[in-house]
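The following exercises practise the reading of a protein model. Attempt each task before consulting the solution beneath it.

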Amino acid sequence: MPVPRPWGVVGLKFPFVANDEGVPIGEIRYERPGEPESIPSLLLKVLLTHKPLSIQVHPDDTYAQSIGLPNGKTEAWYVVSAAPGAKVALGLSRQMTPECFREAVEDGSISALVAWQSVSTGDVVSVPSGTIHAIGADLIIAEIQQRSDTTYRIFDHGRKRELHVESAIAVADTGPVVVQARPIPLTDERTLLISNAHFVFERIRLAPGTMWWLEAARESWLLVLSGGARVGSFNIAAGDAIFAQSDRVNIDAGPDGLVALLAYSGAGGPVADVLQRITQPGSTDSKFAETRQKPSSFSATTAAHSPQRKESIR
Ligand SMILES: [Zn+2]
């Protein structure tokens, strides 16, 4: 579902169809087919920016629940494409007291105090609740987030939308952010991008012609970045997403293979058997698998990486 936004783009890229009404589209929101039985905990969006988004912050679960909301909002970004020099802002460039922060929000000087950093295609950014953040211009970003619309805006580039100063002061970390996690290879196909108390975010890369089960026990989103696959009875290509839950989904990677983002709900880190190779006796794929498939079970790989993992997941 395309969502108009003042910072959005008019001609959509990343294989979305351009809208011809001249309305800048800022978000593609992926929706689950049919009425969900229960309210999902995750939202998948693709953000397309032509101008910077507002500088903002989201509450954590504790604060959100204290004001009657079901949950807060932790989000994570994968940079699908970035124009040269494109930037995102994360945290402040120095520690500020709540009083100084209030003044800086009220007089607009906060815009010069956020820590902008350059991003390029393939970068991953973790945005825990309470982190002051903004997405700059000329980016396409895939975002997985806790399902919540609670945004406290602290600077809007003169767009005159409402600011939420008091709420932002109550929830924001008013200092620099801690070092970001780095992606960690889990198997030949899976790379862990981010793992937190709410979701796991991975990139998967399936070789051409290989067949897999996606064990989607939890709420699971798969967003295709490149290549394609047959998933159940659907053909999916770049920009398409599938949702599955309490289900086992058959993925046949196409002739170009499949590169996709996989996000699923839950704490406790990546799930070992979320992706399982299907090998058919006597098939070409099976021979390929026999020569190539190492006994690199997920748990073995994880064990080898565990000291780094603990550190970098924070
Ligand atoms: Zn946000």
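**Exercise 1. A loop residue**

Locate Lys160 in this predicted model, and determine whether Lys160 is buried or exposed.

Solution. Step 1: Lys160 lies in the loop that joins strand S11 (152-155) to helix H3 (165-171). Step 2: a residue is called exposed if 12 or fewer other C-beta atoms lie within 10 Å of its own. Step 3: Lys160 has 8 other C-beta atoms within 10 Å, and therefore it is exposed. Step 4: the backbone deserves attention as well. Most residues other than glycine have a negative phi. The phi of Lys160, however, is positive, near 65°.

**Exercise 2. A second loop residue**

State where Ser246 is found, and what its phi is.

Solution. Step 1: Ser246 belongs to the loop between strand S18 (241-244) and strand S19 (247-265). Step 2: its phi is positive, at about 50°, although Ser246 is not a glycine. Step 3: Ser246 has 9 C-beta neighbours inside 10 Å, so it counts as exposed.

**Exercise 3. The two sides of a helix**

Identify which residues of helix H2 (residues 98-107) are buried, and explain how they are arranged around the axis of H2.

Solution. Step 1: the buried residues in H2 are Phe101, Ala104 and Val105. Step 2: viewed down the axis of H2, these buried residues fall within an arc of 100°, so they line one face of the helix. Step 3: Glu99, Glu106 and Asp107 are exposed on the other side of H2. Step 4: the cover over the buried residues of H2 includes S11 and H3. Step 5: after H2 comes Gly108, which has a positive phi near 85°.

**Exercise 4. The chain as a whole**

Describe the chain by its helices and strands, its buried residues and its contacts.

Solution. Step 1: the chain contains five helices and 20 strands. Step 2: of its 314 residues, 39% are buried. Step 3: among contacts with a separation of 6 or more, 75% are between residues 24 or more positions apart.

**Exercise 5. Confidence**

Determine where in the chain confidence is lowest and where it is highest.

Solution. Step 1: the average pLDDT of the chain is 83, and 80% of the residues score at least 70. Step 2: confidence is highest in strand S14 (residues 199-206), at 98, and lowest in helix H5 (residues 298-313), at a mean of 26. Step 3: over residues 285-314 pLDDT stays under 50. Step 4: where pLDDT is low, predicted coordinates should not be read in detail.

Notes
Residues are numbered from 1 along each chain as its sequence is written. This is a predicted model: local features need pLDDT of at least 70, side-chain atom pairs count only at pLDDT 80 or more; totals for chains, interfaces and linings use all residues. Helices (H or I, at least four residues) and strands (E, at least two) are DSSP runs, numbered from the N terminus. A residue is buried if 20 or more other C-beta atoms lie within 10 Å of its own, exposed if 12 or fewer, and partly exposed in between; C-beta atoms are placed from the backbone. Two residues are in contact if their C-beta atoms, placed from the backbone, lie within 7 Å. The arc is that of the directions from the helix axis to the C-beta atoms. pLDDT is the predictor's confidence in each residue, from 0 to 100.
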